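Hello,

Here is the structure we talked about. Please open it alongside this email, and then read on for what turned up.

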Amino acid sequence: MFSSNLSGGPAWHWQAWRSQNAWAPTVNALETWLFAQTSDAPRSSLLLIGASAGWMMPHAWLCQFKEVHTFDIDPMAARLFKWRHGSKLRAKGVELQCHTQNALVDLPSLLNSHPKASVFFDNVLGQLRFNNSEIHSVEKNIDRIRKTLKGREWGSVHDRMSGPVSGALTLSPESEEQWPQASGHLEIEEAQKWLTSLQAQSPWLDHLTGGVFGKETPIYNLAWAFKPQYWHWLQAGWVKP
Ligand SMILES: C[S@@+](CC[C@H](N)C(=O)[O-])C[C@H]1O[C@@H](n2cnc3c(N)ncnc32)[C@H](O)[C@@H]1O
């Protein structure tokens, strides 16, 4: 029914479960950023795409919404998401529905069925390049998604690049204060400086997400210690119509 899943499934759940401490600075920074984007929004519904079990998704942010619909192609995701977040959302009166569905292919019909919902792509757009080896097709697909979302409030956090690091930066949850983060669309020289600040070692993989946000959307860059010697550069942005 679904094509093979290179970014989710048992290997992702295992990696996420055992990396919770190492990932904590990124998750905390993301939570602060998410709250800053939606603090003035009325409570509405959220379509969370690429939700998996919500390993990097803060409960408190989800609790702002009346309804949360999660989408993932991974058949384990719905059960695990409910296990991790269900009781906390219920306690705050949030209705949670978890769907096993290809939400990128079905995006137009999902937007039609939820005309007032905000959409958040939760670390999924940077994975499109693993489904298609043609750079042009990946960029076209991202462009199609952007156009489909016109007029809608939406956000995304996704891989911009990833690769080996020297491992010189510390990985404790207390590192949040000095955790590498930067604002804005980084031009080539700034991007080089940013990668140097992460102790990046060449070569890094381009996840082909440079075109997700237009120049008018403020971008938040942050580091994610995915594995001790292999880090990701994440970009987050929130688009208001
Ligand atoms: C890197 S993981 C991120 C998981 C999640 N955001 C978390 O914090 O645990 C990417 C997820 O996107 C899912 N995914 C990939 N393509 C998808 C699609 N077309 N529709 C819905 N989910 C998809 C994968 O199954 C995987 O669970």
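**Strands first**

Isoleucine 49 has phenylalanine 71, in β2, as its bridge partner. Keep in mind that this is a predicted model.

That pair belongs to a longer match. Strand β1 covers residues 45-49, and it pairs with β2 in the parallel sense over 5 bridges. β2 also pairs with strand β3, residues 95-100. That pairing is parallel too, over 6 bridges. Within it, threonine 70 stands opposite cysteine 98 in β3.

So β2 has two partners to look at: β1 and β3. How many of the 6 residues of β2 are buried? The count is 5, so strand β2 (residues 67-72) is mostly covered, with buried meaning under 20% relative accessible area. When you look along a strand, remember a general point. In a regular strand the side chains alternate between the two faces of the sheet.

**The whole chain**

The secondary structure comes to 7 helices and 9 strands. The radius of gyration is 17 Å, and the globule rule gives 18 Å for 241 residues. The two values are close, so the chain is as compact as a globular protein of that length. Along its principal axes, the C-alpha trace spans about 45 × 40 × 40 Å.

Half of the picture is inside: 50% of the 241 residues count as buried. Now take the contacts with a separation of 6 or more. Residues 24 or more positions apart account for 79% of them.

On the outside, the chain exposes about 12000 Å². Carbon and sulfur atoms supply 53% of that area. As for charge, there are 22 positive and 21 negative side chains. The centres of the two sets lie 6 Å apart.

**Backbone points to check**

Most residues other than glycine have a negative phi, and most peptide bonds are trans. Here are some exceptions.

Which two residues does a cis peptide bond join? They are serine 202 and proline 203, with omega at about 0°. Proline 203 is found in the loop between α7 (188-197) and β7 (205-206).

Glutamine 199 is found in the loop between α7 and β7 as well. Its phi is positive, about 65°, although glutamine 199 is not a glycine. Is glutamine 199 buried or exposed? Neither label fits: at 28% relative accessibility, it counts as partly exposed.

Asparagine 123 also has a positive phi of about 65°, and it is not a glycine either. Look for asparagine 123 in the loop between β4 (118-122) and α6 (135-148). Its relative accessibility is 14%, so asparagine 123 counts as buried, the cut-off being under 20%.

**One glycine**

Last, glycine 214. It is found in the loop between β7 and β8 (219-227). Its relative accessible area is 12%, and glycine 214 is buried. What does glycine 214 contact, leaving aside its neighbours within four places in sequence? The contacts are Arg146 and His185.

For a sense of distance, compare glycine 214 with glutamine 20. They are 194 residues apart in sequence. In space they are 32 Å apart, C-alpha to C-alpha.

Best wishes

Definitions and conventions:
Residues numbered from 1 in each chain as written. Predicted model: local features only at pLDDT ≥ 70, side-chain atom pairs only at ≥ 80, totals over all residues. Heavy atoms only, no water. Helix = DSSP H or I, 4+ residues; strand = E, 2+ residues; numbered from the N terminus. Rg over C-alpha atoms; globule rule 2.2 N^0.38 Å. Buried < 20%, exposed > 50% of the residue type's maximum accessible area, 1.4 Å probe, protein only. Contact = heavy atoms within 4.5 Å. Areas by Shrake-Rupley, 256 points an atom, 1.4 Å probe, with all protein chains shown as cover. Lys, Arg positive; Asp, Glu negative; His and termini not counted. Charge placed at Lys NZ, Arg CZ, Asp CG, Glu CD. Pairing = 2+ DSSP bridges.
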